[in-house]
Amino acid sequence: MTATPATSDLDTHYSLSETQISLFREHGFIMLQNVFSKELLNAYGAAITDCVIEHNDLADVPMHERDTYQKAFIQVTNLWRKREVIRKFVFGKRLAWIATELLEVSGVRLYHDQALYKEPGGGFTPWHADQQYWPLATDRTITAWVPLQPVPIEMGPLSFAAGSQHMTYGRDLEISDASEQQLADALERSDYSYFDQPFNLGDVSFHLGWTYHKAGANTTDHPRRVMTVIYMDEHMMLKNPENPNQQRDWDAWCPEAQVGQVIDTPLNPVVFSQEDPIGKHSG
Ligand SMILES: O=C(O)CCC(=O)C(=O)O
């Protein structure tokens, strides 16, 4: 890996305007520019890619033998536990501070992280809302989607239905061909406008757990390399799982958490809190 930029570059405040916060409230997502420098993304991106290659459990499965979910991306989770250098990235305050301000909460804890690498020739990511999978008591959850290279339309950038965090239809649908079909139809009939834009290097999007989103196929010859960090309100409580995915997530991301209590476990530390901005929490 090339020299890692000073970790302070991961921790500084990113100034959000009132307009950006209110647009996020209205649309349930936002794309922010120049969140990280090219140097920082290249350096941490190299470590993340290395880790994805090491933990790719689809390496021996040819594309034509995969289902729609597997065609969409290679998914490697909780990289912060696999490499010390990636832990620094995931526990950076800059992203978590933005997440806190967009969610309009006092602070955020980690739910989990994941790398989502769409291979050359990789398929589309079907329409879905993440919170179908999450046994979390409120809607104060947010994903930071951090591309590690520019993402032109042909590579499958994340795209969103603006305002769809209010749509209750389809919340029982997991990521599948059925979610794609039924949600595409429902969203077509709705008034939510569709945001589908290329990402420059340094752009980062944030979306709520209930905002419907998808991504196109990667028709280029290069992998679409993306790191994500998923945060929740620092006061988030565990709810009773409502489907098998939520039970699986409980077991995977916060096994020590108790229903009806704040998810304050060693896997879910507070990453940023206004109550403690200098960060004795930061792992
Ligand atoms: O990267 C993708 O293709 C999908 C990402 C996604 O659904 C998410 O981060 O919530």
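So, helix α6 is followed by E104, and the phi angle of E104 is positive, near 60°. Keep in mind as we go that this is a predicted model. What about the helix just before that residue, is α6 mostly covered or open? It is mostly covered, with 11 of its 11 residues buried. The buried set includes charged names you might not expect on such a list, K93, R94 and E101, along with W97, I98 and L102, among others.

Let's stay with E104, as it also has a partner. R25 forms a salt bridge with E104, and the closest N and O atoms are 2.8 Å apart. This pair links distant parts of the chain: R25 belongs to helix α2, residues 18-27, while E104 is in the loop between α6 and β3, and the two are 79 residues apart. How accessible are the two ends? R25 has 46% relative accessibility, so R25 counts as partly exposed. E104, at 44%, counts as partly exposed as well.

That bridge is one of the 10 salt bridges that the structure holds. Let me show you two others.

In one of them, R83 pairs with D50, with 3.1 Å between the closest N and O atoms. Here too, distant parts of the chain are linked: R83 sits in the loop between β2 and α5, D50 sits in helix α3, and they are 33 residues apart. D50 comes out at 44% relative accessibility, so D50 counts as partly exposed. E54 joins in too, and D50, E54 and R83 are linked in a network of salt bridges.

In the other, R66 meets E119, and the closest N and O atoms are 2.7 Å apart. R66 lies in the loop between α3 and α4, and E119 in the loop between β3 and β4, so this pair ties together parts of the chain that are 53 residues apart in sequence. Are these two buried or exposed? R66 and E119 are both buried.

Now, on to the strands. Please find β5 on your screens, residues 141-147. Why can we call β5 largely enclosed by the rest of the structure? Because 7 of its 7 residues are buried. As a reminder, in a regular strand the side chains alternate between the two faces of the sheet. In β5, both faces are covered: T141, T143, W145 and P147 are buried on one side, and I142, A144 and V146 are buried on the other.

Which strands pair with β5? One is β10, residues 226-233, which pairs with β5 in the antiparallel sense over 7 bridges. If you want a landmark there, T143 has I230 as its bridge partner in β10. Another is β8, residues 204-208, which runs antiparallel to β5 and is joined to it by 4 bridges. The landmark for that pairing is A144, whose bridge partner in β8 is F206.

There is also an open sheet of 4 strands, in the order β4-β9-β6-β7, with antiparallel pairing. β4 and β7 stand at the edges, each with a single partner strand, so one side of each is left without a neighbour in the sheet. Between β6 and β7 the antiparallel pairing covers 2 bridges, and F160 stands opposite F195 in β7. Helix α7 lies across β4, β6 and β9, running at about 55° to β4.

Close to α7 in the sequence is a methionine I'd like you to look at. M167 is placed in the loop between β6 and α7. With 8% relative accessibility, M167 counts as buried. What does M167 touch? Leaving aside residues up to four places away in sequence, M167 touches L183, A186, L187, Y192 and Y212. Take Y192 from that group: M167 and Y192 are 25 residues apart in sequence, and their C-alpha atoms are 9.5 Å apart in space.

Last stop, the ligand. How many residues surround the ligand? There are 13, and the closest are T125, H128, W145, H213 and R224. You met W145 a moment ago, among the buried residues of β5. For polar partners, start with T125: an N or O atom in the T125 side chain is 2.7 Å from an oxygen atom of the ligand. H128 has a polar side-chain atom 3.0 Å from a ligand oxygen. For H207, a polar side-chain atom lies 3.1 Å from an oxygen atom of the ligand.

That's my tour, thanks for listening!

Note on methods. Residues are numbered from 1 along each chain as its sequence is written. This is a predicted model: local features need pLDDT of at least 70, side-chain atom pairs count only at pLDDT 80 or more; totals for chains, interfaces and linings use all residues. Side-chain values use heavy atoms; hydrogens and water are left out. A salt bridge is a side-chain nitrogen of Lys or Arg within 4 Å of a carboxyl oxygen of Asp or Glu. Buried means under 20% relative accessible area, exposed over 50%, partly exposed in between (1.4 Å probe, protein chains only). Contact means heavy atoms within 4.5 Å. Two strands pair if DSSP finds at least two bridges between them. Axes are lines fitted to C-alpha atoms, for helices over the stretch in contact, and angles run from 0 to 180 degrees between N-to-C directions. A residue is near a molecule or strand if one of its heavy atoms lies within 4 Å of it. A polar contact is a pair of N or O atoms within 3.5 Å; within protein, one must be able to donate a hydrogen and the other to accept it, and residues adjacent in sequence count only if both atoms are side-chain atoms.
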